[in-house]
Amino acid sequence: MAQQENTKRTVKPTTKRSSKHGTAPHGTTLRRTLRREAPSTVGLLVDAQDFAAMRRYRTFPFDDHTAYLHQVEGLLKSLAAQGMHTTVALFDPEDYADFCAESGLDADTGASRSRFTAEIAVAGATVAYTGQRLTDLIPLLVSRAVRQATWEYATLLLADLGACAECGQDIGRAAFDRASHLLTRLLEAAGPGTHHLVCSTPTENDQLLAVLHTHRATGPARLDTSEGAEFATVLAVAIALESPGGVVLRTSTPDSPDRVHGWRLAYGALAPLTAGEVFNAYCTDAETGEPVSPESGVEYSAGFDIGADPAERHH
């Protein structure tokens, strides 16, 4: 499931010969040069369940997932050896079947798999291949896919809220603006250091989770654009739905223990947790509710006042 993007550039090989410099490069040589400059995308079936779903297609040539992964890794190394830029995209069999049905394509062809790979290369989660092992690349690819799905779901939730009946303001947009303001104030109040933030909030169908990594020296905090937007969107859902959301901040600085702070969301504001509440939240298994041993060299501290302006309420 490898897709080679076509180039629109047309090159006409020179046929003129020079006795002084010899013959010009042949067309095949020029095409090889162009091929090295055309990026490739490989669609990857990351787990055995997805792999088994693709085996129902007669033209799918593999029957063992481990052997398949070995062949994919060999392909990636081969493309890299040719100097080609390659990305790996998550290939989802259910999405593939839906894509073929909507597009009127025969799902049991290599051409359809290639076309779907081209589509997910544009809009789906991808990871650039830089020679890393597939065992290291797969978790990163899955993480990016989960992040993207969370962001898309949260964005749809905000879009469906509509306008405030009293003031006419778009509730989702107002919540996102509020979340962005809270995030900025939180990072400014956190000061220098490497910051790891987690925001979680329940919805009717799922527990939304967003993670943000950033570093601040003496100037403003540096935010990854995509991670910052995803984090603010999940926080905005908690604000708009007035859900019991929470934010945890872990800060690392040289020669000091890591510090963990926490807040609960209340009426569009981040209300600081006590040190005991932070400890309980951080040292409890989210799925089982069982206590988890605290980490050594970590200080569990109360949340601090981030100095954010009061929020406007929408009904």
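1. Let's start at a pair of strands. His196 stands opposite Arg250 in β7. The two strands involved are β5, residues 193-202, and β7, residues 246-252, and they pair in the antiparallel sense over seven bridges. Please keep in mind as you read that this is a predicted model.

2. Arg250 is worth a second look, as this residue also has a charged partner. Asp258 forms a salt bridge with Arg250, and the closest N and O atoms are 3.0 Å apart. Are these two residues buried or exposed? Asp258 counts as buried, at 16% relative accessibility, and Arg250 counts as buried too, at 15%. Both values fall below the 20% that marks the limit for a buried residue.

3. From β7 you can step across to the next strand. Strand β8 spans residues 258-266, and six bridges join β7 to β8, with the two running antiparallel. If you want one pair to find on screen, take Thr251, whose bridge partner in β8 is Arg259. The hairpin of β7 and β8 has five residues between the strands, and there Asp255 takes a positive phi near 60°.

4. Now go back to β5 and look at another of its partners. β5 and β6 pair in the antiparallel sense over 10 bridges. These two strands also form a hairpin, with four residues between them. Within this pairing, Thr194 stands opposite His215 in β6.

5. Strand β6, residues 207-216, shows a pattern that is easy to follow by eye. In a regular strand the side chains alternate between the two faces of the sheet. Which residues of β6 point to the buried face? They are Leu208, Ala210, Leu212, Thr214 and Arg216. On the other face, Gln207, Leu209, Val211, His213 and His215 are not buried. You may recognise His215 from the previous point, where Thr194 stands opposite this residue.

6. Next come the salt bridges, of which the structure holds eight. Two of them can be found in helix α7, which covers residues 171-190. Asp177 forms one with Arg173, the closest N and O atoms lying 3.5 Å apart. These residues are four apart in the helix, so about one helical turn separates them. Asp177 is partly exposed, with a relative accessible area of 42%, and Arg173 is partly exposed as well, at 49%.

7. The other pair in α7 is Arg185 and Glu188. Their salt bridge has its closest N and O atoms 2.4 Å apart. Here the residues are three apart in the helix, so they too are separated by about one helical turn. Arg185 is partly exposed at 23% relative accessible area, and Glu188 is partly exposed at 42%. Elsewhere, Arg147, Glu227 and Glu230 are linked in a network of salt bridges.

8. How many disulfides does the structure hold? The number is zero. Cys167 is in no disulfide, and the nearest cysteine sulfur, that of Cys164, is 3.6 Å away. A disulfide needs the two sulfur atoms within 2.5 Å, so this pair does not qualify. Cys167 counts as partly exposed, at 48% relative accessibility, whereas Cys100 counts as buried, at 3%.

9. Thr117 makes a nice small stop in helix α5, residues 110-123. This threonine is buried, with a relative accessible area of 0%. A polar atom of its side chain lies 2.8 Å from the backbone oxygen of Arg113.

10. Helix α5 also leads us to an open space in the model. Rolling a probe the size of a water molecule over the atoms shows where empty space is left. The second largest pocket holds about 490 Å³ of space. Of the 19 residues that line this pocket, Leu90, Asp95, Ile120, Gly124 and Gln148 are the closest to its centre.

11. Which elements supply at least two residues each to the lining of that second largest pocket? They are β3 (86-90), α4 (93-103), α5 and α6 (134-159). The largest share comes from α6, with six residues.

How values were computed
Residues numbered from 1 in each chain as written. Predicted model: local features only at pLDDT ≥ 70, side-chain atom pairs only at ≥ 80, totals over all residues. Heavy atoms only, no water. Buried < 20%, exposed > 50% of the residue type's maximum accessible area, 1.4 Å probe, protein only. Polar contact = N/O pair within 3.5 Å; in protein donor to acceptor, adjacent residues only side chain to side chain. Salt bridge = Lys/Arg side-chain N within 4 Å of Asp/Glu carboxyl O. Pairing = 2+ DSSP bridges. 1 Å grid on protein atoms, 1.4 Å probe; cavity = no way out; pocket = protein on both sides within 12 Å on 5 of 7 lines; lining within 4 Å. Points joined across faces, edges and corners; volume = space filled by probe spheres on them.
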